[in-house]
Structures are given as C-alpha cells and as structure tokens.
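Here is a briefing to read beside the model. It starts with charged pairs, then moves to the helices and the surface.

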Amino acid sequence: MLTMTINETSKEAKAFVEYIRSLSFVKIKEEKNRYNAETEKAIREARAGIGIIKTKSHDDLMKKLRS
C-alpha cells in the first residue's frame, strides 16, 4: 500500500490524478477538509507554534500585548 498527497491546484496535477484514476489497480480515497482554508491554516500554525506568545506571568503578557 502506498499513500500519496496531491495538491490538485495545477493543470499537471489534475492531469496526473485523472491518469491514475484510469488505472484498474488504483483506489482513490478523497478526503475533504474539516473546515475552510483559513481555519485549516490557523490550525496548522497553532500546532507549529506560530503566533504564540510565551510569557512568565499575566502582567508580562499584558505588557507584550499592549506594545
């Protein structure tokens, strides 16, 4: 078994997907995003730690947010 992730935004990618769909030994399982693109991006960034403010105390957090 082999798993591939293909971003179908380009013309070449769409053509490739159509080709592999035509093969009898290939089964394609399509997955939809749970949320819209903006929310999916925010989830990925949060998991990667992008945009997270680390502080030692509440007062320190408030100072960083105000500046």
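Glu45 and Lys41 form a salt bridge, with their closest N and O atoms 3.9 Å apart. The model is a predicted one. A search of the whole structure finds four salt bridges.

**The Glu45–Lys41 pair**

- Both residues sit in helix α2, four residues apart, so about one helical turn separates Glu45 from Lys41.
- An α-helix has 3.6 residues a turn, so residues three or four places apart point the same way.
- The 3.9 Å gap between Glu45 and Lys41 counts as a salt bridge because the cut-off is 4 Å.
- Glu45 is partly exposed, at a relative accessible area of 28%.
- Lys41 is also partly exposed, and its relative accessible area is 45%.

**The network around Arg21**

- Salt bridges with shared partners link Glu18, Arg21 and Glu30 into one network.
- Arg21 pairs with Glu18, and the closest N and O atoms of this salt bridge are 3.6 Å apart.
- Arg21 also forms a salt bridge with Glu30, where the closest N and O atoms are 2.9 Å apart.
- Arg21 and Glu18 lie three residues apart in helix α1 (residues 11-21), so they are separated by about one helical turn.
- Is Glu18 buried or exposed? Glu18 is exposed, with a relative accessible area of 52%, because the cut-off for exposed is over 50%.
- Glu30 is exposed as well, at 54% relative accessibility.
- Arg21 has 37% relative accessibility and counts as partly exposed.

**Glu40, a buried acid in α2**

- Glu40 belongs to helix α2, which covers residues 37-48.
- Glu40 has a relative accessible area of 11%, so it counts as buried, the limit being under 20%.
- What does the side chain of Glu40 reach? It extends to the backbone nitrogen of Tyr35, at 3.2 Å.
- Setting aside neighbours within four places in sequence, Glu40 is in contact with Asn33, Arg34 and Tyr35.

**The span and ends of α2**

- Helix α2 has twelve residues, and at 1.5 Å a residue they should span 16 Å.
- The end C-alpha atoms of α2 are 17 Å apart, which agrees with that expected span.
- Asn36 acts at the start of α2: one of its side-chain oxygens comes within 3.2 Å of the backbone nitrogen of Glu38.
- Gly49 follows just after α2 and takes a positive phi of about 85°.

**Ile6 and the segment before α1**

- Ile6 is placed in the segment before α1.
- Which residues does Ile6 contact, leaving aside its neighbours within four places in sequence? They are Ala13, Phe16, Val17 and Ile20.
- Ile6 is partly exposed, with 30% relative accessible area.
- Ile6 and Glu30 are 24 residues apart along the chain, and their C-alpha atoms are separated by 10 Å.

**A nonpolar surface patch**

- Leu2, Met4, Phe16 and Tyr19 make up a nonpolar patch on the surface.
- Together these four residues have about 470 Å² of accessible area.
- Tyr19, one of the patch residues, lies in helix α1.
- Tyr19 has a relative accessible area of 49%, so it counts as partly exposed, because exposed requires over 50%.
- Phe16 appears in the patch and is also one of the contacts of Ile6.

**From α2 to α3**

- Gly51 is in the loop between α2 and α3 (58-66).
- Gly51 is exposed, with a relative accessible area of 74%.
- How many residues along the chain separate Gly51 and Glu18? The two are 33 residues apart, and their C-alpha atoms are separated by 39 Å.
- His58 is found in helix α3.
- His58 is exposed, at 54% relative accessibility.
- His58 and Arg44 are 14 residues apart in sequence, with a C-alpha to C-alpha separation of 26 Å.

Terms used
Residues numbered from 1 in each chain as written. Predicted model: local features only at pLDDT ≥ 70, side-chain atom pairs only at ≥ 80, totals over all residues. Heavy atoms only, no water. Helix = DSSP H or I, 4+ residues; strand = E, 2+ residues; numbered from the N terminus. Buried < 20%, exposed > 50% of the residue type's maximum accessible area, 1.4 Å probe, protein only. Polar contact = N/O pair within 3.5 Å; in protein donor to acceptor, adjacent residues only side chain to side chain. Contact = heavy atoms within 4.5 Å. Salt bridge = Lys/Arg side-chain N within 4 Å of Asp/Glu carboxyl O. Expected span 1.5 Å × (residues − 1). Patch = residues over 30% accessible without salt bridge, like charges linked within 9 Å, V, L, I, M, F, W, Y side chains within 5 Å. Areas by Shrake-Rupley, 256 points an atom, 1.4 Å probe, with all protein chains shown as cover.
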